[in-house]
Each structure stands twice: as structure tokens, then as C-alpha cells.
Amino acid sequence: DTDRALVLLEEYCKKLRKPEEQQLKKAIRKVMGIFKSSLFEALLGSFKKKATRHGTASHTSLPAAFACDVLGSPKD
């Protein structure tokens with residue numbers, strides 16, 4: 001689901017063309033860099049293990065949920 005979140009964020013960035021949107025675009029690119037980092041993947045893996053152990057795992061991953069919150073749910 002991290003890959004899905006990255007795709008959604010990349011699509012959104014492509015739509016940001018106005019000068020006043022460039023700061024938002026830069027911030028989104030930073031988030032994308034975080035999603036691609038090995039530290040984030042390790043933390044996400046740890047989070048998923050704990051959630052599964054406690055029976056609180058959901059079907060939606062943290063990165064995809066974040067992207068959907070920011071961009072809105074994708075239309076399938």
C-alpha cells in the first residue's frame with residue numbers, strides 16, 4: 001500500500017503547477033521521500049506487527065490512509 005500512496009501523491013504533485021502551490025508540492029515530495037526510506041519501512045513493519053498482535057490491524061495501510069486523507073479516496 002505504500003506504493004499505492006506514492007502513486008497517488010505523485011499524481012497529485014503533477015497537478016500542482018501554480019507558483020503558490022510549489023510549497024505544497026515540495027512538502028509532498030518530502031513525504032514521498034519519507035515513504036521510500038528504509039527507516040519508514042522498518043517502523044511500518046513494527047507497527048503492523050504490534051497491531052496484529054493486539055488485534056487492531058486494519059486492511060488499509062498507514063501510507064495509503066494518509067494519502068487518501070490528503071487527496072481524497074481514489075475512484076476505482
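**Exercise 1. Which exposed residues does the face of α2 turned away from its buried side carry?**

Some ground rules come first. This is a predicted model, in which local features need pLDDT of at least 70, side-chain atom pairs count only at pLDDT 80 or more, and totals for chains, interfaces and linings use all residues. Residues are numbered from 1 along each chain as its sequence is written, and side-chain values use heavy atoms, with hydrogens and water left out.

Step 1. Fix the terms. Buried means under 20% relative accessible area, exposed over 50%, and partly exposed in between, with a 1.4 Å probe and protein chains only. Helices (H or I, at least four residues) and strands (E, at least two) are DSSP runs, numbered from the N terminus.

Step 2. Find the buried side. I28, M32 and F35 are buried in α2. They cover an arc of only 55° around the axis, so they sit on the same side of α2. The arc is taken over the directions from the helix axis to the C-beta atoms.

Step 3. Turn to the opposite face. There α2 carries the exposed residues Q23, K26 and K30.

**Exercise 2. Check the lengths of α1 and α2 against 1.5 Å a residue.**

Step 1. The expected span is 1.5 Å times one less than the number of residues in the helix.

Step 2. Helix α1 (residues 2–15) has 14 residues and should span 20 Å. Its end C-alpha atoms are 20 Å apart, which agrees.

Step 3. The 15 residues of α2 should span 21 Å. The end C-alpha atoms of α2 are 21 Å apart, in agreement.

**Exercise 3. Describe the two faces of α1.**

Step 1. The buried residues in α1 are T2, A5, L6, L8, L9 and C13. Seen down the axis, they fall within an arc of 165°, so they line one face of the helix.

Step 2. The face turned away from the buried side carries the exposed residues D3, K14 and K15.

Step 3. Test two of them. D3 counts as exposed because its relative accessibility is 60%. K14 counts as exposed at 52%.

Step 4. Add distances. The C-alpha atoms of D3 and F35 are separated by 8.7 Å, at 32 residues apart along the chain. For K14 and K25, 11 residues apart along the chain, the C-alpha separation is 8.7 Å.

**Exercise 4. List the largest nonpolar core and trace its sources.**

Step 1. A nonpolar core is a set of buried Ala, Val, Leu, Ile, Met, Phe, Trp, Tyr and Cys residues joined through side-chain atoms within 4.5 Å.

Step 2. The largest one has 10 residues: A5, L6, L9, C13, L16, I28, M32, F35, F40 and L44.

Step 3. At least two residues of this core come from each of α1, α2 and α3 (38–53). α1 gives the largest share, 4 residues.

Step 4. In soluble globular proteins, nonpolar side chains tend to be buried together.

**Exercise 5. Summarise the whole chain and its confidence.**

Step 1. The protein has 4 helices and 0 strands. Its elements run α-α-α-α from the N terminus on.

Step 2. Of the 76 residues, 24% are buried. Among contacts (heavy atoms within 4.5 Å) with a separation of 6 or more, 57% join residues 24 or more positions apart.

Step 3. pLDDT is the predictor's confidence in each residue, from 0 to 100. The protein averages 80, and 67% of the residues score at least 70.

Step 4. Confidence is highest in helix α2 (residues 22–36), at a mean of 94. Confidence is lowest in helix α4 (residues 62–71), at 62.
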